[in-house]
2 protein chains.
Amino acid sequence: MDQKIQEVNLSQVKVHDGFWSARQRLIADVVIPFQEKVLNDEVEGVEKSHAFANFRIAAGMEDGEFYGMVFQDSDVAKWLEGVAYSLIVKPDKALEKRADDIIAVIEKAQQQDGYLNTYFTIMEPEHRWQNLQECHELYCAGHMMEAAAAYYDATGKDRLLRVMERMADHIAARFGTDKQPGIPGHQEIEIGLMKLYHTTGREKYRNLAQYFIDERGKNPNFFKEEKEKRGWVHFGTDPEDTAYNQCFAPVREQKTAEGHSVRAVYMYTAMADLAHATGEKELLDACETLWDNITQKRMYLTGGIGSTGEGEAFTIDYDLPGDMAYAETCASIGLAFFAKKMLDIRPSDRYAEVLERALYNGILSGMQLDGKRFFYVNPLEVNPGISGKLHGYKHVLPQRPGWYACACCPPNLVRMVMSLGKYAWSQSEQAIYSHFYLGGRAEFDQAVLEVESRFPWEGKVSYTVDPKPGRGSFTLAVRISAYAKDTKILLNGMAPDNARVQEGYLHISREWQKGDTLEISFAMPVRRIYCNTKVRSNENCVALMRGPIVYCFEGVDNGADLQQLRLLRGEEITTEIGTEGVLAGMVVLKAKGKRMATEKTLYSENRPTGEPAELKAIPYFAWGNRGENQMRVWIQEA
Amino acid sequence: MDQKIQEVNLSQVKVHDGFWSARQRLIADVVIPFQEKVLNDEVEGVEKSHAFANFRIAAGMEDGEFYGMVFQDSDVAKWLEGVAYSLIVKPDKALEKRADDIIAVIEKAQQQDGYLNTYFTIMEPEHRWQNLQECHELYCAGHMMEAAAAYYDATGKDRLLRVMERMADHIAARFGTDKQPGIPGHQEIEIGLMKLYHTTGREKYRNLAQYFIDERGKNPNFFKEEKEKRGWVHFGTDPEDTAYNQCFAPVREQKTAEGHSVRAVYMYTAMADLAHATGEKELLDACETLWDNITQKRMYLTGGIGSTGEGEAFTIDYDLPGDMAYAETCASIGLAFFAKKMLDIRPSDRYAEVLERALYNGILSGMQLDGKRFFYVNPLEVNPGISGKLHGYKHVLPQRPGWYACACCPPNLVRMVMSLGKYAWSQSEQAIYSHFYLGGRAEFDQAVLEVESRFPWEGKVSYTVDPKPGRGSFTLAVRISAYAKDTKILLNGMAPDNARVQEGYLHISREWQKGDTLEISFAMPVRRIYCNTKVRSNENCVALMRGPIVYCFEGVDNGADLQQLRLLRGEEITTEIGTEGVLAGMVVLKAKGKRMATEKTLYSENRPTGEPAELKAIPYFAWGNRGENQMRVWIQEA
């Protein structure tokens with residue numbers, strides 16, 4: 001790329017999308033207010049948060065004790081970031097006022113030297129910066145930096161941004177080459193610092209992000225030595241588990257995605273962002289290697305990552321048990337972060353397809369359709385009586401619970417969905433990139449684009465261009481993924497003469513005129529997807545996708561014992577628009593299949609026989625909305 | 001049955017069997033001496049036992065502290081029981097002398113009131129009989145009663161028998177209706193008391209066994225109340241887990257096999273023994289119901305039971321994950337105990353087939369072929385890198401370890417294999433029953449039988465009868481299982497004219513003459529076995545059996561990635577006699593199959609394709625003897 005690609009500012013994008021707008025409204029109307037009440041301890045029956053109160057106490061405005069996790073501050077940060085995006089999606093003066101008020105409290109809670117963390121300020125001021133492994137000071141700071149940048153972008157108000165610049169300056173004064181060595185236990189500060197850098201332009205913050213990235217793994221014993229030096233523990237987690245902490249090697253030498261999957265992808269996100277900013281090839285190569293390892297060996301079909309509940313972690317290549325998956329919502333979100341940073345380096349379907357896959361499947365499945373319940377863990381198979389109950393399956397809940405004491409996933413989902421415009425678009429001096437179809441209006445330096453989209457249920461989208469004076473000469477690059485078949489492209493009703501396709505992006509470079517309209521239409525036949533035979537879990541199975549949507553089979557539609565179902569090879573799979581209940585408006589799939597009979601004995605010399613059966617599959621993200629029942633993505637093919 | 005069937009005394013049977021004699025010698029020459037050294041703390045590098053020392057200390061012969069598990073005494077009991085059987089298989093005066101010596105120590109360790117338990121005697125005499133849930137006093141007593149009966153049967157020496165009668169009297173004086181209520185936390189005393197009853201004829205012991213059986217589950221809160229009353233804990237295990245403890249209902253009302261699988265089958269064994277002794281139909285019906293539940297819904301193909309490592313327990317119907325199996329060696333041994341007691345009530349292939357299945361597969365797999373290493377857990381699939389390492393699979397070791405701190409399985413295997421004669425035969429006034437083919441000599445009231453057998457590798461066995469004077473009129477009932485095909489039966493070279501088959505047993509009733517020979521020969525074609533489609537784990541899979549032997553596929557023969565193998569439907573499976581190494585002399589299987597190719601991508605629209613591959617299967621019991629590698633019993637069929 002000769003021209004560096006940049007993220008858009010969310011306020012450039014206005015979403016009017018048949019699929020996403022309703023979800024954004026749901027989050028604005030239901031999830032964010034609910035979360036605010038939780039943070040304010042106004043919801044009965046959920047785990048007490050105390051997160052706002054912690055800030056008031058640290059600010060000296062209220063008496064009391066700290067309560068909650070050592071990283072409780074991050075819940076406020078993530079809420080504020082979500083609020084910032086929400087104010088763009090749906091302006092709300094009263095909400096903005098309340099956000100301003102809590103920002104004022106946060107400012108007061110900041111210490112003279114710039115330090116900000118309510119746990120240590122209230123509880124253990126003498127223990128600051130001694131337990132980077134377990135105590136999440138840098139993690140909380142990173143999230144608050146993200147919130148600060150987002151709030152500034154959304155409102156133009158820089159109060160929180162200034163607070164977090166002071167905190168960043170405080171951190172920079174303490175950690176670095178020739179200062180105190182340090183790396184975060186849970187990566188996130190790297191992302192926060194890069195956002196601070198992008199927002200303020202101050203290279204100091206980029207350099208500090210780079211320091212934390214460069215420092216990791218240089219001394220694999222860092223956390224062990226840190227523990228020995230301080231002589232106390234918080235949770236008691238193992239400082240020597242260098243895979244868990246991604247400390248097993250310097251980041252540029254890491255070839256496989258290891259350890260806690262959220263920490264890992266947060267780190268890769270910052271690495272890609274930094275590589276983009278500095279142009280460093282070695283770091284970019286490491287990102288590519290890790291990307292390939294994840295997406296070609298350690299990723300569930302849904303874009304879920306993390307195959308074990310122990311350490312919420314990656315395991316080994318091709319170990320992808322659907323019924324024991326961790327596949328944390330946050331990890332899929334982190335994978336989408338990583339994908340977007342790679343896309344900004346090089347727009348390619350190989351990244352965008354994963355971003356879209358995670359978004360429409362492993363991320364969206366994290367939220368009940370009514371916005372009231374959430375999954376941490378997004379399995380590809382559940383079996384009532386086993387899932388959530390038996391050893392090895394306890395983390396796999398067959399239904400979404402209401403809220404979590406460690407409430408990371410719901411607000412992460414909020415900020416992802418509310419800032420979707422940042423993921424759908426990128427821009428450069430020369431080009432505008434559309435990574436996936438998001439209806440609405442997007443304003444760039446060159447032009448305003450109006451997008452109409454019937455995605456993901458129909459392959460029909462149009463871009464109407466209104467160029468700015470003297471800026472009409474640019475490239476519009478629209479991704480058309482490999483799942484699109486029989487694609488028709490019309491520019492003002494005619495086949496464009498200068499279209500070229502590069503890595504799954506249709507590039508049209510021209511002098512755009514007001515009202516120019518690019519129409520793209522394509523078929524999305526149902527695809528039978530097969531899993532690499534190195535994977536033990538999906539032997540002889542097939543999964544169904546249509547466009548970016550992964551489908552699944554639920555007991556409520558197909559009866560119990562889904563393992564008895566067989567999808568027949570060669571049989572057509574038909575589509576229907578759901579008309580009732582939660583499935584209304586969604587494309588559901590029907591197929592002729594078989595159900596294998598239940599034999600009388602446990603073991604038999606008789607091969608099981610089957611009877612014809614009608615099979616129905618629904619979008620994976622919609623599973624678990626109709627009561628507890630069996631669910632499977634992968635199904636036997638016969 | 002008009003005539004009650006009885007167990008044989010082991011000294012009636014002399015084993016000379018092509019398959020089993022070598023294993024008995026191995027145990028006599030390697031395992032028992034090794035175990036003796038362990039109990040004497042003479043083996044470096046294994047967990048310290050201290051079990052003999054505990055008895056010497058309790059006997060006042062030595063100073064010191066108790067060391068080991070609260071049930072450490074049972075290791076001595078099980079060793080003594082194994083020694084007793086071994087003295088029959090292979091007389092050894094020096095060994096007998098050492099056993100006599102330790103029995104003298106045990107006698108000295110017995111308290112004035114008959115109480116015998118070194119832990120409480122040394123450590124907490126004031127806490128005797130207060131923690132039946134956790135402290136295994138009754139369990140240890142049961143095992144020592146079994147040892148006492150066995151040692152008396154083998155040697156005619158009654159010193160240990162008298163010790164255990166005094167202990168039984170002590171227990172009977174304390175527990176019972178109108179006395180202190182009590183049930184054992186880990187069932188075993190019931191079996192021990194029944195053996196004491198069978199050996200001494202004293203109904204008091206049978207009544208006490210009945211008391212413990214009747215009492216269980218009457219008050220599901222018994223252990224909870226016991227804990228509250230005493231106010232201390234030993235391990236801290238949950239007294240309210242009534243499924244784990246089989247206390248969820250009175251035993252006659254239990255319809256499903258629940259909880260800790262060894263405790264469960266030990267209890268069912270005693271229930272069946274008691275039902276046989278008393279003729280009680282309700283208790284027998286309960287046994288039948290539990291038998292059906294286990295064998296038709298909760299048993300691995302190998303005769304393994306217990307689907308989860310958590311609580312070493314049964315889970316739910318049809319939950320039989322091969323790669324997460326617990327399938328403890330002891331549990332399969334307990335299942336064989338249960339089967340034998342049911343066989344004594346009613347000789348039927350339905351019990352004998354399971355006894356034999358457990359014996360040749362899930363029990364025998366517990367021991368390395370060299371007798372030096374042992375499995376607790378007998379999975380039906382292992383995957384190096386996952387088994388023994390990842391969450392949910394940690395209990396599934398891919399190779400047999402040397403010895404265990406909780407050393408229950410190795411001595412249990414010892415006593416099972418060394419007392420095989422008791423399982424092969426039963427007797428009544430009118431009939432002699434041969435439950436499976438065991439070469440050698442067996443003496444009954446009616447006759448002496450010489451058996452020649454090429455089982456299990458060949459379906460060829462003969463019984464030569466030498467009747468005792470005036471006792472020649474009896475029925476010889478020989479089981480011929482359903483897996484035998486093209487069976488030929490010759491009595492003195494001619495087809496017998498009065499043979500009848502009942503529940504899988506060939507009955508020949510006649511006036512037997514000296515030298516009469518019954519020859520049975522049959523084919524054992526390789527059988528493709530299919531699993532009930534209610535089981536999720538074996539979808540589209542097939543397993544191979546030949547006679548009672550379950551086969552498995554190992555990486556060393558078939559290459560890595562066994563999940564890529566396909567056995568082809570309809571293809572012939574050929575047999576070969578192994579010639580090399582550990583497989584020498586065993587029938588191994590060869591089949592034309594396929595190996596599915598490894599695709600380049602993780603997910604693809606291309607259905608995987610396969611190349612022809614030669615597949616080799618070996619007896620399951622022999623797996624894990626050629627280094628760590630992948631192993632599977634169930635394999636995809638195409």
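Modeller: An axis is a line fitted to C-alpha atoms, for helices over the stretch in contact, and angles run from 0 to 180 degrees between N-to-C directions. The model is predicted: local features need pLDDT of at least 70 and side-chain atom pairs 80 or more, while totals for chains, interfaces and linings use all residues. Residues are numbered from 1 along each chain, chains are lettered from A and ligands numbered from 1 as written, and side-chain values use heavy atoms, without hydrogens and water.

Colleague: How do helix 13 and helix 14 of chain B lie to each other?

Modeller: Helix 13 (residues 281-297) and helix 14 (residues 329-345) of chain B, both DSSP runs (H or I, at least four residues), have axes 12 Å apart and an angle of about 135°. Angles under 35 degrees count as roughly parallel, over 145 as roughly antiparallel and 65 to 115 as roughly perpendicular. The two helices of chain B are therefore oblique.

Colleague: Which residues of helix 14 of chain B make the contact with helix 13?

Modeller: Contact means heavy atoms within 4.5 Å. Helix 13 of chain B contributes B:Leu284, B:Cys287, B:Glu288, B:Trp291 and B:Ile294. From helix 14 of chain B come B:Leu335, B:Phe338, B:Ala339, B:Met342 and B:Ile345.

Colleague: What kind of axis relates chain A to chain B?

Modeller: Superposition is by least squares on C-alpha atoms with pLDDT of at least 70 in both copies. A turn of 180° and a shift of 0.0 Å along the axis lay chain A on chain B with an RMSD of 0.0 Å. That makes the axis two-fold.

Colleague: Which residue of chain A has the C-alpha nearest that axis?

Modeller: The C-alpha in question lies 2.0 Å from the axis. The residue is A:Gly392.
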